[in-house]
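Here is a friendly walk through one protein model, from its overall make-up to a few helix pairs and single residues. Keep the structure open beside you as you read.

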Amino acid sequence: MAAQKINEGLEHLAKAEKYLKTGFLKWKPDYDSAASEYGKAGRCDWSPVPAVCNLEAGCLFHAAKAYEQAGMMLKEMQKLPEAVQLIEKASMMYLENGTPDTAAMALERAGKLIENVDPEKAVQLYQQTANVFENEERLRQAVELLGKASRLLVRGRRFDEAALSIQKEKNIYKEIENYPTCYKKTIAQVLVHLHRNDYVAAERCVRESYSEDCTALEQLLEGYDQQDQDQVAEVCNSPLFKYMDNDYAKLGLSLLVPGGGVKKKAAAPPQAAPEGHAAPAAEDEEDEYAGGLC
């Protein structure tokens, strides 16, 4: 019965949305018809607050609230993709209504809902949220959401996209003059580039770093370039790397140098002859007196 009510309510919301759209031959939204459909949706008793759908004509904020509450109801029924779809619609209405903060919060909430089920969709939602905050010049909130997207990309081993996402984070941290965090993001980006087998890009990150002390990164690059797995492991097990966000710390611990991660063996020194035995002379060594003195 509950599922039937929800489907009926969704149909009314879809009709209401259609009435609010404009086109080539329809210049103005039909607010009266939309309000009627929202009212019918409310009478379906399919959301925690049915009366919220009884809207005054043209009230986008209340329409958005109705969509968002419908989405949360679907979430309770474990219909997460459908829930996210409705919350996305709500966020678009919030933006159109001129309430971007509410839109951003709705998008972030949708990202959290879908993160474990569809990480790719969650990345998209977090990036959308970051864009909304950035447009409102709320850079700290924007970079926080970009960070969530970057970590999900790393977790999914989508390293090309992760490198670009981390670069956006660095640009914002530089803009707000948070250079210590910018340097931490440089470490993360270097690890991502090395997992992409792009030594040149990793080296460029270090050269362009916003920190005077890049000793650890230089040692990491040196070990990687020399195929010295022991040196790479030592750097990646240092506190600077181990206490990063978990996804980046794992990148460090799993980093292998080219060639399979086997350190090149140094040539073994010649063994000393046992006591009482003369070392054998080289076969090609000639005795200058072999033919006698004359």
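From the N terminus on, the elements of the protein run α-α-α-α-α-α-α-α-α-α-α-α-α-α. That comes to 14 helices and zero strands, where helices (H or I, at least four residues) and strands (E, at least two) are DSSP runs numbered from the N terminus. Before going further, please note that this is a predicted model, in which local features need pLDDT of at least 70 and side-chain atom pairs count only at pLDDT 80 or more, while totals for chains, interfaces and linings use all residues. Residues are numbered from 1 along each chain as its sequence is written, and side-chain values use heavy atoms, with hydrogens and water left out.

Of the 294 residues of the protein, 40% count as buried. Buried here means under 20% relative accessible area, exposed means over 50%, and partly exposed is in between (1.4 Å probe, protein chains only). Among contacts between residues at least 6 apart in sequence, 55% join residues at least 24 apart; a contact means heavy atoms within 4.5 Å.

**Two helix pairs**

Let us begin with helix α5 (residues 100-114) and helix α6 (residues 119-135), whose axes come within 8 Å and cross at roughly 165 degrees. Axes are lines fitted to C-alpha atoms, for helices over the stretch in contact, and angles run from 0 to 180 degrees between N-to-C directions. The crossing angle makes α5 roughly antiparallel to α6. For the wording, angles under 35 degrees count as roughly parallel, over 145 as roughly antiparallel, 65 to 115 as roughly perpendicular and the rest as oblique. The crossing of α5 and α6 is left-handed, a term used if the near helix is turned anticlockwise from the far one by less than a right angle, with right-handed used if clockwise.

On the α5 side, the residues that meet α6 include Leu-107, Glu-108 and Lys-112, and the α6 side includes Leu-125, Tyr-126 and Phe-133. The residues of this contact between α5 and α6 divide into eleven nonpolar, three polar and three charged. In this count Ala, Val, Leu, Ile, Met, Phe, Trp, Tyr, Cys and Pro are nonpolar, Asp, Glu, Lys and Arg are charged, and the others, Gly among them, are polar.

Next, α7 and helix α8 (residues 159-175) pack at an angle of about 160 degrees, with their axes 9 Å apart. They are therefore roughly antiparallel to each other. In the contact of α7 with α8, the residues divide into twelve nonpolar, three polar and four charged. The crossing of α7 and α8 is left-handed.

**Two residues of α7**

Lys-148 lies in helix α7 (residues 139-155). Is Lys-148 buried or exposed? Lys-148 counts as buried because its relative accessibility is 18%. Leaving aside residues up to four places away in sequence, Lys-148 touches Glu-108, Lys-112 and Tyr-126.

Leu-153 is also found in helix α7, and at 0% relative accessibility it counts as buried. With residues up to four places away in sequence not counted, Leu-153 touches Val-123, Gln-127, Arg-158, Glu-161, Ala-162 and Ser-165. Leu-153 and Glu-120 are 33 residues apart in sequence and 8.0 Å apart in space, C-alpha to C-alpha.

**Helices α11 and α12**

In helix α11 (residues 215-225), Ala-216, Leu-217, Leu-220, Leu-221, Gly-223 and Tyr-224 are buried. Seen down the axis of α11, these buried residues fall within an arc of 165 degrees, so they line one face of the helix. The arc is that of the directions from the helix axis to the C-beta atoms. Their cover includes α9 (179-195), α10 (199-207), α12 (229-236) and α13 (239-242).

In α12, the buried residues are Gln-229, Val-232, Val-235 and Cys-236. They fall within an arc of 130 degrees seen down the axis of α12, so they line one face of the helix. Asp-230 and Glu-234 are exposed on the other side of α12. The buried residues of α12 pack against α9, α11, α13 and α14 (246-253).

**Two loop residues with positive phi**

Neither residue in this table is a glycine.

| Residue | Phi | Loop | Relative accessibility |
|---|---|---|---|
| Asn-197 | about 60 degrees | between α9 and α10 | 63%, exposed |
| Gln-227 | about 55 degrees | between α11 and α12 | 25%, partly exposed |
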